[in-house]
Amino acid sequence: FKQSIVAVLAKRSANQCANPDCGAITSGPSARKRTASVNVGEAAHIYGASPRSARYDPAMSSQARSDITNAIWLCGNCHKLVDDDEVKYPAGLLFEWQRSH
């Protein structure tokens with residue numbers, strides 16, 4: 001995703017993981033520098049961006065794959081979980097998380 005989409009997605013998600021069983025806050029202050037922050041959130045593709053990625057749909061255009069409507073904000077742990085087990089985390093479930101979050 002473009003950085004502009006990542007920034008909007010994080011804000012729209014209130015910097016909170018969209019997995020309803022998690023809900024982790026994904027940003028906070030840095031202990032190293034008073035004016036800095038730490039981010040552990042990630043913009044995750046619902047339908048994968050490339051042929052070997054989770055839930056890849058070859059019928060989608062590359063523009064649709066990179067659109068914010070195909071994105072969900074997750075913490076790093078949940079992003080890994082949903083991409084490693086696409087049977088347990090199908091696109092329909094992720095869209096439901098996206099809508100309800």
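W97 is buried, a word used here for a relative accessible area under 20% (exposed means over 50% and partly exposed in between, with a 1.4 Å probe and protein chains only), and its own value is 6%. The model is predicted, so local features need pLDDT of at least 70 and side-chain atom pairs count only at pLDDT 80 or more, while totals for chains, interfaces and linings use all residues. Residues are numbered from 1 along each chain as its sequence is written, and side-chain values use heavy atoms, with hydrogens and water left out.

The structure holds 2 aromatic pairs, where rings of Phe, Tyr and Trp (its six-membered ring) pair if their centres lie within 6.5 Å, and planes under 30 degrees apart count as stacked, over 60 as edge-to-face and the rest as tilted. One of them joins Y47 and F95 in a tilted arrangement, with 5.7 Å from centre to centre and 50 degrees between the planes. Y47 is partly exposed at 27% relative accessible area, whereas F95 is buried at 17%. The rings of Y89 and W97 have centres 5.9 Å apart and planes at 65 degrees, so this pair is edge-to-face; Y89 is buried as well, at 12%.

Turning to the cysteines, a disulfide is a pair of cysteine sulfur atoms within 2.5 Å, and by this rule the count is 0. Why is C17 in no such bond? The closest cysteine sulfur, in C78, is 3.7 Å from that of C17, which is too far for a bond. C22 is also in no disulfide, since the nearest cysteine sulfur, again that of C78, is 3.8 Å away.
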